[in-house]
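Visitor: I have a model open beside its sequence, and I would like to know on what grounds each label in its description rests. Could we take the labels one at a time?

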Amino acid sequence: MCYNHLTLTSTRVPPQGYTSITSVCVVEGLVVWGTNTGTVGTLQLSPPFNKVISKVNSACVTNVSYHGNHVISITTEGEVSQSYIAWDKASLLSKPIIKIDYKVLSLQCIDDSLVLVTALEKSFILNVETRAEIQIGTKERKQGVFGGCVLDRHTLLVARPGFRLWYTGSTGHVIKTLQLKPVLSETAILSVGGERGLSSHLPRGGVINRVERVDDKIIVLQCAGDVFVFVETIELTVIGWFKEAVLDWSTYTKCIVLLYPGNVIKMYSVLLRMVPAS
């Protein structure tokens, strides 16, 4: 009998040596970052390694997202900006979009006009052109740090209390619910370092602080602040986990990208191999 075993291999990713980086996003061969002084930067991860850095806001940038050569960023003040990457001018052409009064945890672009917003109070879809909010589901949730992510143009994942995830459409309609509590309670699940006892590291309230897509079958959950859990969504099994204290993180095509203090960004390739079950 065999099971999938998770291993991670790391690669250090630029940029280094800039003003304190507070948020990071890696997508489509780009690393995008925000800083505590309101600067947003982008860097190509392959030749010619073009780089663009511009001042977007005066406040700390807490989250960045990318779609179609545009960067969406939000600050501690709730100011959302959209920046067009002008590679030929080596600059970002930015404009303010909206000020969000909620305590925003993350933003993710769905397309050029729709953004998934996860906030302390609720999760919703924001139309940046009309400023309209699209409600997700019909049931409100309690206040807390619940994550969400964009799987594709038509499918979103939104965390709910009790280690549940909603699959929803970009219209806010709930398609189905994933019940992860039984899966996360398995005592034999191995960490990347070979440790058992995942359930002892998870919060009693069943809160998924953040969720991201690794590939078509794998998602990664962040729970209790520093516990990362990889879940295979077809058979609904946990394939590995690890603990790591980071400032921010992102995923990109079978990779997880971690931001550490001191502007250190590391990209870990997510590898699965079959090993005999013990």
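Visitor: What makes Asp248 and Arg210 count as buried or exposed?

Guide: In this predicted model, a residue is called buried under 20% relative accessible area, exposed over 50%, and partly exposed in between, with a 1.4 Å probe and protein chains only. Asp248 is buried by that rule, and Arg210 is buried as well.

Visitor: Why is the contact between Asp248 and Arg210 called a salt bridge?

Guide: The term requires a side-chain nitrogen of Lys or Arg within 4 Å of a carboxyl oxygen of Asp or Glu. The closest N and O atoms of Asp248 and Arg210 are 2.7 Å apart, so the pair meets the criterion. Asp248 lies in strand β22 (residues 248–251) and Arg210 in strand β18 (residues 210–213), so the salt bridge ties together parts that are 38 residues apart in sequence. Strands here are DSSP runs of E with at least two residues, and helices are runs of H or I with at least four, both numbered from the N terminus. Arg210 and Asp248 also belong, together with Glu212, to a network of salt bridges.

Visitor: How do you know that Lys243 and Asp226 form a salt bridge?

Guide: Their side chains meet at 3.9 Å, N to O, which is within the 4 Å limit, and therefore the pair is counted. Lys243 is in strand β21 (residues 237–243), whereas Asp226 is in the loop between β19 (218–223) and β20 (227–232), 17 residues apart. Lys243 is partly exposed, with a relative accessible area of 39%, and Asp226 is partly exposed at 25%.

Visitor: What makes Lys122 and Glu133 a salt bridge, and which parts do they tie together?

Guide: The N to O distance is 3.0 Å, so this pair also satisfies the definition. Because Lys122 lies in the loop between β11 (114–119) and β12 (123–127) and Glu133 in strand β13 (residues 133–135), the pair ties together parts that are 11 residues apart in sequence. Lys122, at 30% relative accessible area, is partly exposed, and so is Glu133 at 39%. The structure holds eight salt bridges.

Visitor: Why is strand β16 described as largely enclosed by the rest of the structure?

Guide: Strand β16 covers residues 164–168, and four of its five residues are buried, so the strand is largely enclosed by the rest of the structure.

Visitor: How do you know which strands pair with β16?

Guide: Two strands pair if DSSP finds at least two bridges between them. Strand β15 (residues 155–160) is joined to β16 by five bridges in the antiparallel sense, so the requirement is met; Leu156, for example, has Thr168 as its bridge partner in β16. Five bridges likewise join β16 to the antiparallel strand β17 (residues 174–179), where Arg164 stands opposite Gln179. The hairpin of β15 and β16 has three residues between the strands, and Gly162 takes a positive phi near 80 degrees there. In the hairpin of β16 and β17, with five residues between the strands, Gly172 in the turn has a positive phi of about 95 degrees.

Visitor: Why are β2 and β5 said to stand at the edges?

Guide: The open sheet has four strands in the order β2-β3-β4-β5, with antiparallel pairing. β2 (21–27) and β5 (51–55) each have a single partner strand, so one side of each is left without a neighbour in the sheet. Strand β4 (residues 39–44) pairs with β5 over five bridges, and among the bridged residues Thr42 has Val52 as its partner in β5.

Visitor: What makes Phe49 partly exposed, and which residues does Phe49 touch?

Guide: Phe49 lies in the loop between β4 and β5, and its relative accessible area of 47% makes it partly exposed. Not counting residues up to four places away in sequence, Phe49 touches Leu43 and Gln44, where contact means heavy atoms within 4.5 Å.

Visitor: How do you know how far to trust the model?

Guide: The pLDDT, which is the predictor's confidence in each residue from 0 to 100, averages 86, and 90% of the residues score at least 70. Over residues 274–278 the pLDDT is below 50. Where pLDDT is low, the predicted coordinates should not be read in detail. For local features a pLDDT of at least 70 is needed, side-chain atom pairs count only at 80 or more, and totals for chains, interfaces and linings use all residues. Residues are numbered from 1 along each chain as its sequence is written, and side-chain values use heavy atoms, with hydrogens and water left out.
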